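Subject: Handover of a structure and findings

Dear colleague,

Please find below the structure that I am handing over to you. A description of what was found in it follows directly after.

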Amino acid sequence: MPSSALGLVPSQPFSVQPNGRFEKMDGDNSTTDASQLGIAGDYIGGSHYVLQSQEDDGDDGMNDNEDGIGSKDGFREQDIYLPIANVARIMKNAIPPTGKIAKDAKECVQECVSEFISFITSEASERCHQEKRKTINGEDILFAMSTLGFDSYVEPLKLYLQKFREAMKGEKGIVTSVTVADGLGDELTDESFTNQLPAGLITADGQQQNVMVYTTSYQQISGVQQIQFS
Amino acid sequence: MAGKDGSGKMLDFTDSRQVSLPISRVKLIMKSSPDVSNINQDALFLTAKATELFVQYLATYSYKKGTGRETKCLTYGDLARSPEECDTFQFLADILPKKILARDYLKLLEEEEKGDEGDGEESDDSD
């Protein structure tokens, strides 16, 4: 075998992890040692490649959960994704109806999305700090967008925000579209996007269950799974 | 595609009031950035909405560029090419490495080794 000295057999399947790590799928101890191959186990060498498995059908072991959280005990930043079903749906609606999307493409966009959010957020956060504020507001986000090359989003987003606020004024409340497999269970307080809300109710530890949101139109009670308004 | 709300009214996912991504998860991702303390509701909504737009843009762009190769199918490869071709996607360059089959990579390595050593020390058999 040409590559036995390197300890890597091309015909064996590799599991390609979302962050570029690869692991040999069978259990033998031949050297897939990154050190033997001169790589760190992340991206390979300087040429920035990721091993593609023979089947490359979106290997198992990439996301443990469909909903895109890598591990429940201690989120690593890179493990937090939006649910793949939501992402896939948006992609599907964006391309022509006859188009298909490879599974690894969906998973990849999932990661890109997290990267995008982090990208925008850190830029917005920086501006926020510069102005000695603690709460990131809409302006910071819009500013970040335009700084980072998403200037074309700014105007449409402003319109969306305006419509959103108007809609919230006019209605008693809305039910969000159902999210698949999102187990956080605290969607409820997300609905309270009314103007009456004091800003920045989200606490630093991300807990929402204790937040009671009072508006003139309805009162939300944490633990209730869904509110429906006629 | 559309869904229904509690009153049975059909929801349009392009409805500007709706965000088809879970806000709480968006918030979680945002808060995983260093030095982020609070995020106001507008900012959350805008980020979620912008993320939708971004997904649409990335998918459309990569699909268009890809047509002609794997026709009608958006593949990882299409996405991986996007940072090269469009500045806006540059920030994704690190997380979209190109994929290579193991045997091709090994060939590359072998060639490099031969180049380094100069005298082509045999570390493998020929095919």
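Is the crossing of α3(A) and α1(B) left-handed or right-handed? The crossing is right-handed, where right-handed means that the near helix is turned clockwise from the far one by less than a right angle, and left-handed that it is turned anticlockwise.

Before the details, a note on conventions. This is a predicted model, in which local features need pLDDT of at least 70 and side-chain atom pairs count only at pLDDT 80 or more, while totals for chains, interfaces and linings use all residues. Residues are numbered from 1 along each chain as its sequence is written, chains are lettered from A and ligands numbered from 1 in the order in which they are written, and side-chain values use heavy atoms, with hydrogens and water left out.

The contact between the two chains' helices

Helix α3 of chain A covers residues 103-130, and helix α1 of chain B covers residues 23-31. Helices are DSSP runs of H or I with at least four residues, strands are runs of E with at least two, and both are numbered from the N terminus. The axes of these two helices come within 8 Å and cross at roughly 60°; axes are lines fitted to C-alpha atoms, for helices over the stretch in contact, and angles run from 0 to 180 degrees between N-to-C directions. The two helices are therefore oblique to each other (under 35 degrees is roughly parallel, over 145 roughly antiparallel, 65 to 115 roughly perpendicular, and the rest oblique).

On the side of α3(A), the contact (heavy atoms within 4.5 Å) is made by A:Ser114, A:Ile117, A:Ser118 and A:Thr121, and on the side of α1(B) by B:Val26, B:Ile29 and B:Met30. These residues divide into 4 nonpolar, 3 polar and no charged.

Chain B as a whole

Chain B has 4 helices and 5 strands, which follow the order β-β-α-β-α-β-α-β-α from the N terminus on. Of its 127 residues, 56% are buried (under 20% relative accessible area; exposed is over 50%, partly exposed in between, with a 1.4 Å probe and protein chains only).

Helix α3(B) is largely enclosed by the rest of the structure, because 7 of its 10 residues are buried. These are B:Tyr76, B:Asp78, B:Leu79, B:Ala80, B:Arg81, B:Ser82 and B:Pro83. The buried residues of α3(B) pack against α3 of chain A, and also against α2, β4 (73-74) and β5 (98-101) of chain B.

Salt bridges

Over all chains, the structure holds 9 salt bridges (a side-chain nitrogen of Lys or Arg within 4 Å of a carboxyl oxygen of Asp or Glu). One of them lies in α3(B), where the closest N and O atoms of B:Arg81 and B:Asp78 are 2.7 Å apart. These partners are 3 residues apart in the helix (residues 76-85), and so are separated by about one helical turn. B:Arg81 is buried at 19% relative accessible area, and B:Asp78 is buried at 4%.

In helix α2 of chain B (residues 41-66), B:Glu52 and B:Lys49 are likewise separated by about one helical turn. Their side chains meet in a salt bridge at 3.6 Å, N to O, and both residues are buried.

In chain A, the side chains of A:Glu155 and A:Lys158 meet in a salt bridge at 3.5 Å, N to O. They lie 3 residues apart in helix α5 (residues 151-170). A:Lys158 is partly exposed, at 39% relative accessibility.

With kind regards

Conventions:
Nonpolar A, V, L, I, M, F, W, Y, C, P; charged D, E, K, R; others polar.
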